[in-house]
Amino acid sequence: MSEPILKVDDLKVHFPVDVGTFFSKKATLKAVDGVSFELHEGEALSVVGESGCGKSTLGRAVLQLLHNTEGQVVWMGENITGYPVKAMRPLRSEMQIIFQDPLASLDPRMTIGEIIAEPLVTHNPEIPKDQVKARVREMMDIVGLLPRMINRYPHEFSGGQCQRIGIARAMILRPKVIVCDEPVSALDVSIQAQIINLLGELQETFGLSLLFISHDLSIVRHISHRVMVIYLGNVMELAEKDALYNAPRHPYTQALISAVPVPDPDKEAHKKRIVLKGDLPSPINPPSGCVFRTRCLYADHQCEQEKPPLTTLNEPTAKGNHQVACHKQAEINSLD
Amino acid sequence: MSIILDVQNLNTRFDTPEGEVSAANNINFTLKKGQSLGVVGESGSGKTQIFMAIMGLLAKNGRTSGQAIFQGQNLLELPVAELNKVRGVSLSMIFQDPMTSLNPYLKVSRQMTEVLIEHRGMGKKEALERSIRMLELVGIPEARKRVYMYPHEFSGGMRQRVMIAIALLCEPDLLIADEPTTALDVTIQAQILDLLHNLKEEMGMSIVMITHDLGVIAGMCDQVMVMYGGRVVETGTVHEIFNDARHPYTQGLLQSMPRIDGDHSEDLYAIPGQPPNLQALPSGCAFQPRCQLASDQCRREQPGSITFASERSVACHRVTEIIELNQEETVNREVAL
C-alpha cells in the first residue's frame with residue numbers, strides 16, 4: 001500500500017479542568033488518550049463512538065485546530081504537531097472540515113457566494129474576481145446547488161442545502177482530506193441519504209480522503225472503508241468495514257452493533273440485543289485498566305489491572321488488518 | 001380489545017404573521033388498549049402537533065377542531081381544570097429533550113412527589129417512597145440518594161429515565177412518547193426501549209411512539225401511521241408498512257434509511273427535493289413534487305384516504321397501480337428464490 005497521507009501516532013489531548021465548586025482542585029480530562037491510525041489517499045475512515053467519547057476532539061486535533069498534549073500528527077511525511085497558526089495556514093488548503101450544524105457554521109451576513117469563495121480568496125488572493133466567481137459556480141453545480149442562487153443568504157436555505165454549502169466551501173480548494181464531524185445527524189432522514197451519496201460521489205471523483213466522525217453505525221456502514229470504534233478516548237477496535245460489522249471482536253463493538261434498531265419488524269422481533277448496563281463514565285476519572293470494564297459483561301481482575309493494548313489479530317480467518325484492544329478477545333469469540 | 005383513544009377529524013391550525021398554517025389536517029385513528037402506535041414523519045410533518053393538541057399543550061396561537069375521545073371524554077373540549085385530572089394521571093407524555101422539560105431549580109424529589117400529592121392526595125413521605133420505587137423501576141442506581149439531586153446532576157440517559165419515571169408515577173393507561181430516544185446514544189437508547197417494552201408487556205400500557213427512526217418503530221410498535229405535510233399518508237400494521245408499503249413516500253423513506261444490515265455496495269436511494277414548507281404547500285398532493293409517479297391528477301387534487309381494512313389506509317391517487325407493482329415484485333422475488 002502507498003504511504004499514508006495522514007499518520008497519527010499515540011495522540012493524546014488532555015484538558016485541565018477545575019473540579020468542585022468552592023475549593024476547586026485541578027484535574028485532567030482525558031478526551032483523547034493514545035489514539036494511533038493511518039489514513040490513506042482516497043480512503044474513508046470512520047470514527048464511531050457515543051457522545052463524550054472524544055471523537056470530535058480527535059478530529060480537531062488531527063487538523064491541529066486543537067493542540068495535542070502528546071503524540072504526533074504527520075501530514076504527508078511532515079510532522080505538524082504543535083505547528084503555530086501561521087505555519088499551519090498553507091497546509092489548511094489541503095485539509096478541510098464540515099460541521100454538524102449546517103446553519104450555525106455559516107456566517108448569516110455573507111451571501112453563499114462569498115462564503116464558498118472565502119477559502120479560495122484567503123489562500124489565493126491573486127485570482128481575479130471573475131475567475132473566483134466561475135469557480136464558485138462550478139463548485140455549486142458539483143454539490144447540487146443552483147448556481148443562480150449565488151447571491152442568497154444562508155437563512156434562505158434548508159438544512160440539507162446549508163450542508164451542501166458547507167461541503168462546497170470545504171471542497172473549493174480541492175483538499176486532500178476532509179474531516180466530517182457528524183455531517184448528517186441534524187438532517188431529516190430523506191435528506192441524509194442525499195448528503196451521504198454526495199460525499200460518496202465527491203470522494204470517488206476527486207480521490208478525496210474522509211475522516212468521517214459519527215455516532216450512527218448505519219450511516220458509517222455506508223460511507224466507510226475502515227471503521228474505528230472509540231470509547232472514552234481510547235480505540236477499542238479498528239478494522240475493515242465488513243470485518244467489523246460481520247464479525248465484531250470487541251464486546252463494546254458487539255453491543256453497539258446489536259443496539260442499532262433495524263427497520264424490519266421480523267428481524268427486530270428475533271434479534272438478540274446486548275444491553276449494556278450504566279452510563280459512560282466521566283473522562284475526568286476514567287476506570288483503571290480497560291476503560292470499558294465497568295460496563296463489560298466479561299471483565300475480570302486482569303481488566304481492572306492492565307490496560308489492554310490495541311493488537312492486530314493474527315488468525316488465518318481475520319480479514320485485513322483487524323485490531324482489537326481487549327484482554328478477553330480470544331476467549332469471548334471462541335465461546336460461540 | 002377496547003379502544004383507548006379514538007381521534008376523529010382532528011385539525012390543528014396556527015395563526016402566524018404570514019397567515020394561517022395547518023399543522024395537522026383531518027387526522028383519524030384509533031388505538032386499542034395495550035397496543036402501541038408508531039407515528040413517523042420528518043420534522044414539520046405535524047406528528048408532534050397532533051399529540052400536543054390532544055394533551056392541550058398547543059402554543060397560544062394554535063387552535064384545534066375535531067374529536068379525541070379518551071376513556072369516554074372528548075379531550076379537545078375539556079376545560080383545563082378537568083383536563084388536569086386526566087393529564088399526568090391516566091394520560092402522560094414524555095418529550096424529546098429531557099433537560100428542558102425538567103425544572104432545573106427543583107430537586108427531582110420535589111418534581112416527582114408533587115405529582116402524587118396533587119393527583120393522588122398522598123402524604124409527603126408516602127409520595128417520596130413511591131417516587132424512589134419508580135426511579136428504581138426505570139433503572140436508576142442508588143435511587144434513594146439520587147432522588148435528592150437536581151436535574152443537571154444526571155446524565156442525558158438518566159434524565160430521560162427521570163422523565164419516564166415522572167410520567168409513570170400515576171400508572172397511566174396511555175403514554176405518549178415524543179422522540180424519547182433521539183437525543184440519546186444507541187446503547188442508552190437500547191436501555192430505554194427495553195424499559196418501554198417491558199412496561200407495555202407488564203402493565204398493559206398503551207404507547208404512542210412519535211419518531212423519525214423506522215428502526216425504533218419496527219421494534220416497538222403494532223400499528224404505524226406515516227405523516228407527510230400535515231396529513232396522514234398511510235396507516236397499517238407494522239408488517240404491512242414494512243413489507244407492503246403502498247404510499248410512494250413510505251416506500252422512499254424505507255429505501256432511504258441507511259441500514260446496518262443488508263447491501264452496502266450501491267448508493268442509498270434518496271427521495272429527491274426537499275420536505276415541504278407547511279406555509280406554502282404544493283397544489284394537490286403534498287408529496288407530488290418529489291414523487292416519481294405523480295400525474296396531472298396528483299398535481300390538481302388532494303388525494304383522499306382509501307381504506308382497505310379497518311386499520312389499513314393509503315392517501316394516494318395511484319395506489320391501485322402501486323399495489324399491482326408490489327404484487328409483481330413479490331412474484332418476481334419468489335421466482336428468483
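**Exercise 1. A salt bridge in chain A**

Find out how the side chains of Lys12(A) and Glu70(A) meet, and what parts the pair ties together.

*Solution.* Step 1: the two side chains meet in a salt bridge, at 3.8 Å from N to O. That fits the cut-off, since a salt bridge is a side-chain nitrogen of Lys or Arg within 4 Å of a carboxyl oxygen of Asp or Glu.

Step 2: look at where the partners sit. Lys12(A) is in strand β1 (residues 6-19) of chain A and Glu70(A) is in strand β4 (residues 70-75) of chain A, so the pair ties together parts that are 58 residues apart in sequence. Helices (H or I, at least four residues) and strands (E, at least two) are DSSP runs, numbered from the N terminus.

Step 3: check the cover. Glu70(A) counts as partly exposed, at 42% relative accessibility. Here buried means under 20% relative accessible area, exposed over 50%, and partly exposed in between (1.4 Å probe, protein chains only).

A word on what you're looking at: this is a predicted model, where local features need pLDDT of at least 70 and side-chain atom pairs count only at pLDDT 80 or more, while totals for chains, interfaces and linings use all residues. Residues are numbered from 1 along each chain as its sequence is written, chains are lettered from A and ligands numbered from 1 in the order in which they are written, and side-chain values use heavy atoms, with hydrogens and water left out.

**Exercise 2. Helix to loop**

Work out which parts of the chain Glu138(A) and Arg174(A) link.

*Solution.* Step 1: Glu138(A) and Arg174(A) form a salt bridge, with their closest N and O atoms 3.5 Å apart.

Step 2: Glu138(A) belongs to helix α4 (residues 129-142) of chain A, and Arg174(A) to the loop between α5 (159-171) and β7 (177-181) of chain A, so distant parts of the chain, 36 residues apart, are linked.

Step 3: Glu138(A) is partly exposed at 40%, and Arg174(A) is partly exposed at 38%.

**Exercise 3. Across the chains**

Explain why the pair Asp194(B) and Arg273(A) joins two chains, then put the pair in its network.

*Solution.* Step 1: the side chains of Asp194(B) and Arg273(A) meet in a salt bridge of 3.2 Å, N to O.

Step 2: Asp194(B) lies in helix α8 (residues 186-203) of chain B, whereas Arg273(A) lies in the loop between α10 (265-270) and α11 (301-305) of chain A, so the pair joins two chains.

Step 3: Asp194(B) is partly exposed at 30%, and so is Arg273(A) at 24%.

Step 4: zoom out. Glu268(A), Lys271(A), Arg273(A) and Asp194(B) are linked in a network of salt bridges. Over all chains, the whole structure has 33 salt bridges.

**Exercise 4. Hunting for disulfides**

How many disulfides does a search of the whole structure find?

*Solution.* Step 1: recall that a disulfide is a covalent bond between the sulfur atoms of two cysteines. The cut-off is a pair of cysteine sulfur atoms within 2.5 Å.

Step 2: the search finds zero over all chains.

Step 3: try Cys296(A). The closest cysteine sulfur, in Cys326(A), is 6.1 Å from its own, too far for a bond. Cys296(A) is buried, at 19%.

Step 4: try Cys285(B). Cys285(B) is in no disulfide, and the nearest cysteine sulfur, that of Cys298(B), is 6.3 Å away. Cys285(B) is buried too, at 12% relative accessibility.

**Exercise 5. Val226(B)**

Is Val226(B) buried or exposed, and in which strand is it found?

*Solution.* Step 1: Val226(B) is found in strand β9 (residues 223-228) of chain B.

Step 2: its relative accessible area is 2%, so Val226(B) is buried.

Step 3: the C-alpha atoms of Val226(B) and Val39(B) are separated by 6.0 Å, though the two are 187 residues apart along the chain.
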